Amino acid sequence: MKKFLLLVAFLLPAILLSAQPDSLRLVYSVRGVVSDLQSGRPLESVHVSVPDRHFATVTNADGAFTIKSDLPIREVVFSFVGYRTIRQQAGRGEMKVYLIPEVYALDPATVMTGDPRQIVEAAIARIPQNYSQQPELLECFYRETIRKRQRFTYISEAVSRIYKSSYGHGIARDRTALEKSRVLLSQKRTDTLSIKVMGGPTQAITHDVVKNPDLLFDPVELRNYRFEMLAPASIDDRLQFVIRVIPGAECEYALYNGTLYIDRERLSFTRIELSLDMTDRSKATRMMLIRKPFSLRFTPRELSILVNYRFDGNISRISYFRTTMRFACDWKRRLISTNYTAVNELVVTNLREPVEPIARSDMFRTSDILDNKAKEFLDPDFWKDYNIIEPSESLENAIGRLRKQR
């Protein structure tokens with residue numbers, strides 16, 4: 001298995017560059033909050049889209065969203081795993097959206113029919129039929145955040161274009177390029193040690209588990225895992241096989257625990273959740289860490305991955321991914337370690353035309369670091385003409401605090 005999350009620890013660089021914006025004029029927008037009807041709790045990562053258009057986003061940790069369009073928005077569609085998909089009129093004020101849990105009353109014999117490994121292998125065999133065999137150009141919003149304990153010390157955001165070749169060609173021809181980006185770094189002397197993620201929005205390429213078999217679906221790699229059938233779930237009002245992935249072999253590298261959601265009718269992967277096995281800390285460290293200061297000790301806590309795919313009536317395509325990395329760092333001879341959390345997420349916000357490959361001279365590389373290419377986090381209208389993931393209240397507060405340091 002190849003490494004695909006490249007984590008780097010080193011001193012903060014001081015050079016900040018700018019990128020060029022290029023987008024439609026999205027002059028119409030709708031705001032709202034999505035909650036669970038029964039409990040009232042806000043729902044995070046709900047997919048929000050405009051019917052008959054390709055504009056989309058997801059809700060933040062507070063369940064809030066803003067979605068924009070170049071045409072008036074009359075209705076908005078909301079979908080989330082385990083809930084009924086709804087279409088609601090936009091209206092003039094802030095939308096209050098309540099999702100209803102989907103409950104299936106199925107014969108247990110029907111639910112458990114089929115060997116889970118065979119279902120996974122059948123879904124892999126159907127990838128050429130279920131995913132695009134034509135190149136596509138995706139517009140995406142990407143965000144990286146780093147927290148030291150509970151305090152944000154780094155925030156970086158970007159709009160990128162991702163060129164996806166046919167799903168029959170693997171990821172070798174896929175490329176991404178920045179359109180617009182910005183960064184905000186803590187200026188406190190105690191935050192001079194920074195944990196940074198290499199690759200930025202290219203992670204939407206390497207994290208495309210369906211298109212990149214090296215991660216899990218390579219025939220040899222599959223032999224390292226066991227599969228168990230779980231209770232079914234609903235996504236976009238479509239019944240899903242839910243299959244647990246469990247390490248079943250001893251390998252030189254860390255394996256994953258996970259859950260696969262597979263469309264029961266189409267046998268397409270709809271949602272993939274993976275969590276790196278932390279049983280052997282040294283193996284987990286080799287999967288996560290590239291380099292660090294010699295006297296720094298790194299202790300991995302968690303690496304979790306979420307990838308969602310959307311079915312548009314014809315094919316499925318990647319729509320959202322998020323990685324969460326938790327780890328501790330401490331200098332030798334110190335008794336107390338410091339806990340860090342790094343979250344990286346990307347949502348596909350639009351399909352672009354015409355579909356043109358990204359020039360090699362413009363591409364963002366897997367070895368690049370986003371804050372080396374972004375400009376300072378100053379303009380309040382920076383994302384005016386783009387769909388983004390709205391900052392949560394905690395992130396907004398962090399932005400305000402970090403700005404005051406400058």
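# A predicted model, from sheet to pocket

Of the 406 residues of the protein, 56% count as buried. The coordinates belong to a predicted model, in which the mean pLDDT is 88 and 89% of the residues reach 70 or more. The exception to note at the outset is the stretch of residues 1–22, where pLDDT stays under 50. The model nevertheless gives this stretch 93 contacts beyond four places in sequence. Where pLDDT is low, the predicted coordinates should not be read in detail.

Seven helices and 21 strands make up the secondary structure of the protein. Contacts between residues at least 6 apart in sequence can be sorted by separation: 68% of them join residues at least 24 apart.

The strands can be followed through an open sheet of eleven members with mixed pairing. Its order is β13-β14-β15-β16-β18-β19-β20-β9-β10-β11-β21. At the edges stand β13 (225–235) and β21 (375–376), each of which pairs on one side only.

Within this sheet, consider strand β18 and its two neighbours. On one side, β16 (residues 269–276) runs antiparallel to β18 and is joined to it by five bridges. Two residue pairs place the register: I272 stands opposite V307 in β18, and S275 has S304 of β18 as its bridge partner. On the other side, β18 pairs with β19 (residues 316–331) in the antiparallel sense, over 15 bridges. F311 is matched with S316 of β19. The hairpin of β18 and β19 has four residues between the strands, and G313 takes a positive phi near 105 degrees there.

Strand β2 offers another set of pairings. Residues 28–36 form β2, which is joined by six bridges to the antiparallel strand β5 (residues 64–69); V33 stands opposite A64 in this pairing. With β8 (residues 95–99), β2 pairs in the parallel sense over five bridges, and here G32 has M95 as its bridge partner.

Next comes the packing of nonpolar side chains. The largest nonpolar core has 66 residues, and those with the most contacts inside it are F217, L260, I262 and F269. Strand β18 (residues 296–311) gives the most to this core, namely six residues. Which residues does F217 touch, leaving aside those up to four places away in sequence? They are V120, I124, V209, V210, L222, L260, F269 and I272. Among these contacts of F217, L260 and F269 also appear in the list of residues with the most contacts inside the core. I272, another residue touched by F217, is the one that stands opposite V307 in β18. A second, separate core has 24 residues, including I73, M95, I235 and V242. M95 of this core is also the bridge partner of G32 in the pairing described above.

Finally, there is the empty space. Rolling a probe the size of a water molecule over the atoms shows where empty space is left. The largest pocket has a volume of about 550 Å³. Of its 23 lining residues, the closest to the centre are S49, R53, R310, F311 and D312. F311, listed here, is the residue matched with S316 in β19. Which strands each supply at least two residues of the lining? They are β3 (47–49), β7 (86–89), β18, β19 and β20 (338–352). Strand β18 thus recurs in the account: it contributes six residues to the largest core and at least two to the lining of the largest pocket.

Conventions. Residues numbered from 1 in each chain as written. Predicted model: local features only at pLDDT ≥ 70, side-chain atom pairs only at ≥ 80, totals over all residues. Heavy atoms only, no water. pLDDT = per-residue confidence, 0-100. Contact = heavy atoms within 4.5 Å. Core = buried A, V, L, I, M, F, W, Y, C linked by side-chain atoms within 4.5 Å. Buried < 20%, exposed > 50% of the residue type's maximum accessible area, 1.4 Å probe, protein only. Pairing = 2+ DSSP bridges. 1 Å grid on protein atoms, 1.4 Å probe; cavity = no way out; pocket = protein on both sides within 12 Å on 5 of 7 lines; lining within 4 Å. Points joined across faces, edges and corners; volume = space filled by probe spheres on them.
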